[in-house]
Amino acid sequence: MNIQKIEQILKDQKQPKFRLGQIKKAVYRDGISSFAEISTIPKELRSVLEKEKILSFEVEKVLVSKDGNSAKALLKLDDASKIETVLISPKENIWSVCISSQVGCPMNCAFCATGQTGFKRNLTAEEIVDQVLFWKQYLMKHETCNMKQKINSKLKLSNVVYMGMGEPFLNWGEVLESLKILSDPKGMAFGSRSISISTVGIPGGIEKLTQDFPQVNLAVSLHFSKDKNRNEFMPANKNLNLEKLKVELEKYFEKSSRKVFLEYIMFSGLNDSEKDAKNLLEYIKSFKKPQLLHVNLIRYNSTDSKDKFISSSAEQAVKFRNYLLGNKINCTIRRSLGTDIEGACGQLAGKK
Ligand code: SAH
């Protein structure tokens with residue numbers, strides 16, 4: 001929702017200040033899909049607002065997984081760029097939204113479909129927040145029968161993760177604005193602890209988070225624990241290598257005692273051996289407070305038959321996890337959701 005535009009309309013219509021609060025509540029809290037539905041404002045104002053769209057994009061496609069636990073939407077922005085957003089239910093009655101912060105991504109990680117499409121532009125705060133709003137409206141409408149059974153009892157979105165397309169710290173100004181709206185008690189009212197930001201590691205990025213919005217969760221896409229391998233598959237490592245990343249994280253821990261999640265995609269034969277687990281353990285143990293790091297193992301999600309990356313087996317993931325747990329490192333295996341809807345980052349928008 002374009003708040004500035006709404007404010008202007010309210011001014012032009014000589015409406016009292018509290019109207020904005022009523023509109024925000026109806027849109028952000030109640031998840032109405034059209035301004036015409038706001039019963040708390042005068043009819044004349046409704047008919048003026050009715051001409052405005054709430055969402056800043058068109059919905060091109062929505063794919064729902066067979067089990068009804070995840071859905072992915074392809075969105076067409078005003079300039080015809082496309083982005084993706086995902087809705088996931090990791091547990092009953094818990095709905096998590098995964099949102100994009102950029103159109104494409106300049107980080108160019110070798111295994112990520114978004115990286116292959118290149119970078120187009122930053123998203124505005126409005127476009128970022130509207131992805132969450134879209135799913136809120138979607139759940140309100142019970143659009144698919146698959147989802148219908150699942151969502152009857154509770155329509156509430158529980159979490160927001162910035163793990164879609166793009167690198168949030170390269171668009172910090174707009175991401176910060178979006179965080180303010182999402183967490184505003186008079187806006188979407190998400191608790192800061194229900195919001196997570198994922199980064200590949202950008203010099204100064206984590207510091208900005210610590211300064212501007214320390215309450216949200218931080219995740220780092222680590223994937224490799226030796227510079228040689230990380231450089232090969234994640235060019236961002238050349239600007240912020242593992243040692244420098246550690247310095248940034250240690251600074252974060254000086255200010256915050258929040259846990260940080262280390263995302264670790266498991267690729268067969270590349271980073272999933274016992275030696276790799278040992279290297280990762282060494283890296284984590286080299287921190288002053290290793291107990292504040294939590295490893296999240298994700299089996300690589302492939303949809304391309306010619307893919308040069310292969311997912312590790314479930315057994316290998318369990319072995320890897322047990323090795324870390326045996327050495328007192330917090331570690332979980334993320335349940336794979338939405339593989340039948342090309343759930344991994346950028347896989348849908350990348351389709352021609
Ligand atoms: N640029 C930020 C935000 C994007 S998060 C970051 O890298 O953290 C997207 C997450 O999905 C990252 O952890 C990324 O590495 C992961 N990812 C990308 N492609 C994937 C795939 N095919 N399978 C599993 N995870 C993938």
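Me: How many residues surround the ligand, and which are the closest?
Reply: This is a predicted model, in which local features need pLDDT of at least 70, side-chain atom pairs count only at pLDDT 80 or more, and totals for chains, interfaces and linings use all residues. Residues are numbered from 1 along each chain as its sequence is written, and side-chain values use heavy atoms, without hydrogens and water. A residue counts as near if one of its heavy atoms lies within 4 Å of the ligand. The number is 18, and the closest are Gly166, Ser198, Ser221, His223 and Asn301.

Me: How far is the side chain of Ser221 from an oxygen atom of the ligand?
Reply: A polar contact with the ligand is a pair of N or O atoms within 3.5 Å. For His223, a polar side-chain atom lies 2.7 Å from a ligand oxygen. For an N or O atom in the side chain of Ser221, the distance is 2.6 Å.

Me: At what angle do helices H11 and H12 pack?
Reply: Helices are DSSP runs (H or I, at least four residues), numbered from the N terminus. Axes are lines fitted to C-alpha atoms over the stretch in contact, and angles run from 0 to 180 degrees between N-to-C directions. H11 covers residues 274-285 and H12 residues 314-326; their axes are 10 Å apart, and the angle is about 35°.

Key: Helices (H or I, at least four residues) and strands (E, at least two) are DSSP runs, numbered from the N terminus. A polar contact is a pair of N or O atoms within 3.5 Å; within protein, one must be able to donate a hydrogen and the other to accept it, and residues adjacent in sequence count only if both atoms are side-chain atoms.
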